[in-house]
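The questions below go through the nonpolar cores, the aromatic pairs, one arginine and two backbone angles. Each answer works towards the value or name asked for.

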Amino acid sequence: MASKTSVTREEYLRMSFDGPDADFIDGEIVERNVGENQHSEVQVQLVAIFLELRKKHPLHIRTELRMKVSAARFRVADVAVFTGPRPAESVPSVPPLVAAEIVSPDDRFTEIAAKLNDYLMWGVRHVWLIDPWLRKLHAYDASGLHEVPALRIPELEMEITPGTIFV
């Protein structure tokens, strides 16, 4: 279970962590679960797919990046993909095109769902959840979380299937 510590937004932005970067939710530091080998492998594969796609589109791929999703919330995405100009802010306040979360063994569904909803409410167009343990792909939209046969970004004419990400 993730532990919580109360701090100000300014304190959070000055902090560094021994483990993975933490989320900041309404005044509390919320630790994120550490990924294991399967998590890391999917993260690397996802980045590789977007690096290849970057040859055709102006994409900026980030891992473990703090992002300001609202005045009182900062989230750290496993993978975020921005389009257009390179994000200028150290902690972006403009949503990426894609925010992807990769399931870790200790993740709780309610915490993941809250994080995915924060991304959607912020304006992220493609909110994904990838489960390396079950080898399943999910998209999150206004109607909730849905298992999908492929993760698609129509505006980039791209598709990620289980066969391309679970190697």
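Q: Is R135 buried, exposed or partly exposed, and what is its relative accessible area?
A: The model is a predicted one. R135 sits in the loop between β7 and β8 (136-141). Partly exposed covers the range between 20% and 50%, so R135 is partly exposed, with a relative accessible area of 46%.

Q: What is the phi of R135?
A: Most residues other than glycine have a negative phi. R135 is not a glycine, yet its phi is positive, near 60°.

Q: Which loop residue between β10 and β11 has a positive phi although it is not a glycine?
A: The residue in question lies in the loop between β10 and β11. Its relative accessible area is 77%, and because exposed means over 50%, the residue is exposed. Its phi is about 50°, and the residue is E157.

Q: Which element gives the most residues to the largest nonpolar core?
A: This core has 24 residues, of which L46, F50, W128, I130, M158 and I160 touch the most other members. Elements that give two or more residues include α2 (37-53), β4 (59-70), β5 (73-83) and β7 (126-131). With six residues, the element that gives the most is α2.

Q: Which residues does I160 touch, leaving out those up to four places away in sequence?
A: I160 is one of the core members that touch the most others, and β11 (158-160) is among the elements that give two or more residues to the core. Beyond four places in sequence, the residues that I160 touches are L46, I49, F50, W128, L137, A150, L151 and I165.

Q: How many residues are in the other core, which lies apart from the largest one?
A: In soluble globular proteins, nonpolar side chains tend to be buried together. Here a second core lies apart from the largest one, with A99, L120, V124 and Y140 among its members. The number of residues in this other core is 17.

Q: How far apart in sequence are the parts tied together by the pair of Y12 and F74?
A: The structure holds four aromatic pairs. In one of them, Y12 and F74 are tilted, with 5.5 Å centre to centre and 45° between the planes. Y12 belongs to helix α1 (residues 9-14) and F74 to strand β5, so the pair ties together parts whose separation in sequence is 62 residues.

Q: What kind of aromatic pair do F24 and F74 form?
A: F24 is in strand β2 (residues 23-25) and F74 in strand β5, 50 residues apart. Both F24 and F74 are buried. Their centres are 5.9 Å apart, and because planes over 60 degrees apart count as edge-to-face, the 65° between the planes makes this pair edge-to-face.

Q: Which residues do ring pairs link into a cluster?
A: Y12 pairs with F74, and F24 pairs with F74. The linked residues are therefore Y12, F24 and F74.

Q: Over the ring of which residue does the charged end of R66 sit?
A: R66 lies in strand β4 and is buried, with a relative accessible area of 11%. Among its contacts beyond four places in sequence are Y12, F17, D21 and R75. The charged end of R66 is 4.4 Å from the centre of a ring, that of Y12.

Q: How far is the backbone oxygen of M15 from a polar atom of the R66 side chain?
A: The R66 side chain reaches the backbone oxygen of L13 at 3.4 Å. For the backbone oxygen of M15, the distance to a polar atom of that side chain is 2.7 Å.

Key
Residues numbered from 1 in each chain as written. Predicted model: local features only at pLDDT ≥ 70, side-chain atom pairs only at ≥ 80, totals over all residues. Heavy atoms only, no water. Core = buried A, V, L, I, M, F, W, Y, C linked by side-chain atoms within 4.5 Å. Buried < 20%, exposed > 50% of the residue type's maximum accessible area, 1.4 Å probe, protein only. Helix = DSSP H or I, 4+ residues; strand = E, 2+ residues; numbered from the N terminus. Contact = heavy atoms within 4.5 Å. Phe/Tyr/Trp six-rings, centres within 6.5 Å; stacked < 30°, edge-to-face > 60°. Lys NZ or Arg CZ within 6 Å of the ring centre and 35° of its normal. Polar contact = N/O pair within 3.5 Å; in protein donor to acceptor, adjacent residues only side chain to side chain.
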